Amino acid sequence: MPDELINLTIDDVPVSVPQGTLVIEAAKQAGVLVPHYCYHPGLAVAGVCRMCLVEVEKAPKLQIACATTVAEGMVVRTQSEQAKQARMGVLELLLINHPLDCPICDQAGECELQDFVFQEGRPGTRYAEYSKRFNPVEDFGPDVLYVPNRCILCTRCVRFMEDLAGEPVINVSERGDRAYIGIHPNARLDHPWAGNVVDLCPVGSLLSKDFLHKARAWELDKTASICTGCSQGCNVTLDTRENVVVRVRPRPNLQVNRYFICDHGRLNYRWMNRGDRIEAPLVRRHATDWDEALSRAATVLRGAGGKAVALVSPRTSTEALFLARRLLARFEWTGAFQVVMGDEAPLPGVPDLALRAERAPNARGAELLGYSRDYAAALETSRTAAVVLVIDEPDAAIETAGTLLYLGTVLPESAHGAEVVLPIANVAEEDGTYVNRDGRVQRYFQAKPAPGMARPAWWVLSELLAQVDGAEHCASAAEAFDALAGSTDAFQGLSYAGLGAAGQGITAKAGARA
Amino acid sequence: MGYPHKPHAKETALLSKHFGDPDARTYKGWAKRGGYETWKQAQTMAPAAITDVVKESGLRGRGGAGFPTGLKWSFMPKEKKKPHYLCVNADESEPGTFKDREIMRWTPHALLEGTLIAMRAIQAEVGYIYIRGEFTEPYAIMEQALAEATKAGVLGGHKIHLHRGAGAYICGEETAMMNSIEGKRGNPRIKPPFPAAFGVFGMPTTINNVETLAAVPHILRQGAAWYKAMSLSNPKSTGTKLFSVCGHVRLPGNYEVTMGFPLKDLLHELCGGMRPGRTLKACIPGGSSVPILNREESEGCLLDYEGCVEKGTMLGSGGVIVFDDSADMVYQIMRLARFYAHESCAQCTQCREGTAWTTKILERILAGQGKMADLDLLLDLSDNMTGKTICVLSDSCAAPVVSGIKKFRTEFEDYIAGRKQPVMVA
């Protein structure tokens, strides 16, 4: 039975929300963003910045929307003269010690202080004392710089490290207007999830060294994607500038990663920009066009029989994995993948969220589609197979008496003997899905064009299928996925469109591990 | 100042009766004076019955807010499901206030007895007495008294811990105190949840001031009606109150009078009046956090909760700061603002930045570099700092500034216009 809803009005808009909802969250439902700094939905409420002051009818004074829970019949006014004056006052006070060095600040353009001052700040300052609080820049950790002069002491970083990372190495040091974020003299901000403090910082006080001066916020294009760092499947945004991935940031998904990603995932993007890519199809090492390369590969597949092996990267899209399997269905088929292992690094404050030991975004998808983890056995089978199809697995030391068909982003030594090499897009260059370790199917979107003639693996395989079996070509990842969902038990009932931006779980029955 | 101090005929020495008598400090000496008899009596009473008597007496919190004590106790869960705690606020740090120190110095057992009775009333097995860090002597005396009481077996299964502060004014704010007791930074907490629901260690907690608790045994022994009858003006303010008088009077010190006592009599009779040739200029009746009264208001003010409100100020902690005509009000207000700027915990923006900015403006005015517009700026800033933060430290900084500009505007203008020699402020 659903919990009873509480009815209230916010700026004359009636909303109904569950009991216990904070006014600041209820306001979002009314289409009202109450300006705030210390509040963050992923952190404990602090109620310290006092920015979200709103008028609540019958309350004797202004209330902070972040710490006030809704009540039946409550009337909230965020735009009353009194509330606006109070917030203007907070903004003025936040600015008296803020350097206003926006032209050289990485946060400019995505700075909440800029935004709210622009929205409802005072046109000029009355602070005529000129000297501002000064503290030198501090090196907090491997990827974090602290610029105390810009700090507004919202304490989001402190709460993250204390409550979620469980490593309280930073605090508010000193008091009054001398306060700053201090770090333990013998500690570094080097927790595997510490980079989140940079995203959490509403101003340019905590900066990523990796992103330092790389781009202005307004130059960035943002694309929803899935982190490829491990099998957790954290939702991320790829920030690209002129088709170069320059930053990875978490994209909120309450079911998977809430508002966070680990540093491993955050910094695992440079390979998406690498320059030594295959840009044209090769037939026996000679560059050619897609028509010749596809028809050569189709000829090989039509003419062969017996055993076929698919050696796939667990970074391959579910769609490509499905189509590869379908392509080899005429053979005695073996599929396998290998997973790089690392240390597991949980974020203790969030249940079931960790950098997983399996550094593979689609191992579960591969398993569900019948690919095996016994990579060594598959390699052994390759020796006597008629066809070996490799999808972007550069570490394969393949020895085969049959024909090697190589789909890849780069050309490793092991692929030099391939009959046909087909250039494919990487995760940033195509649409597709991954299945995370919990069986959640999640879409990623194309963030930049693929180099040269490279195409998404699902496109290449779908073309081959059309040529070999006369099957209908899939025009998009969506069509490929829907074909997959229509023919694979584990994915029954799912549709590409239905996955949306947050993904969906496979059915419990089908999802049970074999 | 100091003791022995002979009570003035107009004083009502209840809590201060044994001030200056070292024998009353000891367990034996206290027992001789009827000590812990009331505690024995309370142990036979139901907790709710104790609360009812205190409620009936009209006793209100002596720490500053004046909240009815019995009512506060009644907020504690009746049916006990978790450990209950009592915190005793002995972090007396309000500028101008030094009454709790004297209670602890001379009558430590009075505080312990009141603490035990309160603990029974709210069903707390553990109590913390949070003593201001600078109070080394009162701490040593309390430690001795607690050891004696424990040895004498009067605690009856209750546990009392003495907890020393580390020098932060804000730890006298009840929720900051709870954080401090927990070993955390002494930052005030947002309310709700209120201490009676979620207090120290997340358990139901009551926080009472030293003077409040020291009055409890008297109320229980002599009855609510007797206590309630001690009221010279408004029946909502009952009992006696200790006033710490400091500043420009001939006899500064602690004076205990019945609620509703005229401030004028306190200053001019009990405290011996102004120094020769000086006249009263202003008075802060309730510790530095309350609005300043001018001479006329002071001389018409009755010292109880309502009487002070009537004059636009508050009874507060009863720390009476007196200024005669030699006082430089701009300088005095700057000193108060500087205190709050120093002590702000830095959580709320208005307080962290506002107290410091207020101080800077006042310093600028004193240095002869002020502008007339600064006065409006100060008032606007003070308005911004009032009623918008977690605790009232920010409001406390604004109160003397607003009342000071309102009542002594010409003194500010003299500095700004260059009519007065600039003051170097270090």
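Visitor: Which residues touch the most other members of the largest nonpolar core?
Guide: In this predicted model, the largest nonpolar core has 289 residues, and those that touch the most other members are A:Ala324, B:Cys87 and B:Leu266.

Visitor: OK, and what does B:Cys87 touch?
Guide: Leaving aside residues up to four places away in sequence, B:Cys87 touches B:Tyr128 and B:Tyr130, B:Met177 and B:Met178, and also B:Ile181, B:Val200, B:Thr205 and B:Ile207.

Visitor: Why might nonpolar side chains be buried together?
Guide: I can only put that as a general tendency, which is that nonpolar side chains tend to be buried together in soluble globular proteins.

Visitor: Switching topic, how is chain B divided into domains?
Guide: Chain B has domain 1 at 22–226, domain 2 at 240–324 and domain 3 at 329–417. The centres of domain 1 of chain B and domain 2 of chain B, taken over C-alpha atoms, are separated by 27 Å.

Visitor: How many residues does the contact take from each of those two?
Guide: Domain 1 of chain B gives 13 residues to the contact, while domain 2 of chain B gives 18 residues. On the side of domain 1 of chain B that touches domain 2 of chain B, six residues are charged, five are polar and two are nonpolar.

Visitor: And what about chain B with chain A, how many residues from each?
Guide: That contact takes 24 residues from chain A and 23 residues from chain B.

Visitor: Which elements of chain B give two or more residues there?
Guide: They are α14 (329–343), α15 (349–366) and α16 (373–384) of chain B, and the largest share of the side of chain B that touches chain A comes from α15(B), with nine residues. By kind, the residues of that side of chain B divide into ten polar, nine nonpolar and four charged.

Methods
Residues are numbered from 1 along each chain as its sequence is written. Chains are lettered from A and ligands numbered from 1 in the order in which they are written. This is a predicted model: local features need pLDDT of at least 70, side-chain atom pairs count only at pLDDT 80 or more; totals for chains, interfaces and linings use all residues. Domain bounds come from an automatic or database domain assignment. Two residues are in contact if their C-beta atoms, placed from the backbone, lie within 7 Å. Ala, Val, Leu, Ile, Met, Phe, Trp, Tyr, Cys and Pro count as nonpolar, Asp, Glu, Lys and Arg as charged, and the others, Gly among them, as polar. A nonpolar core is a set of buried Ala, Val, Leu, Ile, Met, Phe, Trp, Tyr and Cys residues joined through C-beta atoms within 7 Å. A residue is buried if 20 or more other C-beta atoms lie within 10 Å of its own, exposed if 12 or fewer, and partly exposed in between; C-beta atoms are placed from the backbone. Helices (H or I, at least four residues) and strands (E, at least two) are DSSP runs, numbered from the N terminus.
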